[in-house]
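Reader: I should like to learn how such a model is read, feature by feature. Where would you advise that we begin?

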Amino acid sequence: MPKKEITPATPAAVVFTDETLRKAADRAAAAYRPVWIGRSGEQSSGEAVARHLEATLALLDKDGWVRTLDFSTMWSTSSPGLVDVTETTTVKTMLKSVIRFLKDEFGDGDHDPSRDLFTALCHVGDSGAHGDSDTARIAGDVLDLVIRAHTGANAAFATRWSERLNRTHADITALLTAGAKFARTYGPGAGASLPETSAA
């Protein structure tokens, strides 16, 4: 009888249940600060926040997700694009060096477009196509509520949860999907696509 090969199981993604979302809604209702009002002082609809979360998920699926970003090597003076600055280095030489370095790191070079959860949420808000700075902030708060309901901890944060060593892209996908579902189910205008309204 031939020996059967066993394929190691891929760890399953974290599951966020409807009960978890109900607990998150209870936490939102009891929150000290209104969850759905951004720093602009205006309210965002649950639909707007859900769209932001889904755009974040699409961005991470397209460009890749990383647990954390490593900035330690970004500004290394050993980079071939940077010159050693001495007393005789001219401003023009320094600026050319910095511009060359930035083009190499962030331009059309071979940089890694992967993002962590926090950076992706901010990027969607900064791009303006699927969100803004208010929906980015509220989306982060929604994810925090979901994680607090999931873990039972009163001071848990989604971005910190996403940085744990055992976290996977599938976990982040599950979290963003749950956050979007929560926003549509429990956010202002739940069940309808209402325009954003100003807080009184």
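Author: Let us begin with a definition: a residue is buried when its relative accessible area is under 20%, exposed when that area is over 50%, and partly exposed in between. R184 has a relative accessible area of 29%, so R184 is partly exposed. Please keep in mind that the model is predicted.

Reader: How is the length of a helix checked, and what does helix α2 show?

Author: The expected span is 1.5 Å times one less than the number of residues. Helix α2 comprises 18 residues, 46–63, and should therefore span 26 Å; the C-alpha atoms at its ends are 26 Å apart, in agreement. Of these 18 residues, 13 are buried, which leaves α2 mostly covered. Just after α2, G64 adopts a positive phi of about 105°.

Reader: How should one read salt bridges, and how many does the structure hold?

Author: The general idea is that side chains of opposite charge can pair when their charged atoms come close. The structure holds 10 salt bridges. One of them joins E47 and R51, with an N to O distance of 4.0 Å. Both residues belong to helix α2 and lie 4 residues apart, about one turn of the helix.

Reader: Are E47 and R51 buried or exposed?

Author: E47 has 16% relative accessibility and therefore counts as buried. R51, at 41%, counts as partly exposed.

Reader: Which residue of helix α7 forms a salt bridge with E47?

Author: R184 does, with an N to O distance of 2.8 Å. This pair connects distant parts of the chain: R184 lies in helix α7 (residues 169–186) and E47 in helix α2, 137 residues apart. A network of salt bridges links E47, R51, E54 and R184.

Reader: What is the spacing between D141 and R137 in helix α5?

Author: The general idea concerns helical periodicity: an α-helix has 3.6 residues a turn, so residues three or four places apart point the same way. D141 and R137 are 4 residues apart in helix α5 (residues 133–151), and so about one helical turn separates them. They form a salt bridge whose closest N and O atoms are 3.8 Å apart. D141 is buried because its relative accessible area is 16%, whereas R137, at 26% relative accessibility, counts as partly exposed.

Reader: How does one recognise a covered side of a helix, and which residues of helix α4 are buried?

Author: One asks how the buried residues are arranged around the axis. In helix α4 (residues 117–127), the buried residues are L117, A120, L121, V124 and G125. They cover an arc of only 135° around the axis, and therefore lie on the same side of α4. The elements covering these buried residues include α2, α5, α6 (158–162) and α7. Just after α4, G128 has a positive phi of about 80°.

Reader: How are pockets found, and what is the volume of the second largest pocket?

Author: Rolling a probe the size of a water molecule over the atoms shows where empty space is left. The second largest pocket has a volume of about 260 Å³. It is lined by 14 residues, of which F118, R137, G140, D144 and T159 are the closest to its centre. The elements giving two or more residues to this lining are α4, α5 and α6.

Reader: Which element gives the most to the lining of the second largest pocket?

Author: Helix α5 does, with 6 residues. R137 thus connects two of our topics: R137 is among the residues closest to the centre of this pocket, and R137 also forms the salt bridge with D141.

Technical notes. Residues are numbered from 1 along each chain as its sequence is written. This is a predicted model: local features need pLDDT of at least 70, side-chain atom pairs count only at pLDDT 80 or more; totals for chains, interfaces and linings use all residues. Side-chain values use heavy atoms; hydrogens and water are left out. Buried means under 20% relative accessible area, exposed over 50%, partly exposed in between (1.4 Å probe, protein chains only). A salt bridge is a side-chain nitrogen of Lys or Arg within 4 Å of a carboxyl oxygen of Asp or Glu. The arc is that of the directions from the helix axis to the C-beta atoms. Contact means heavy atoms within 4.5 Å. On a 1 Å grid over the protein atoms alone, a cavity is a set of points where a 1.4 Å probe fits but cannot get out, and a pocket is an open set with protein on both sides within 12 Å along at least five of seven lines; lining residues have an atom within 4 Å of a point. Grid points are joined across faces, edges and corners, and a volume is the space filled by probe spheres set on the points.
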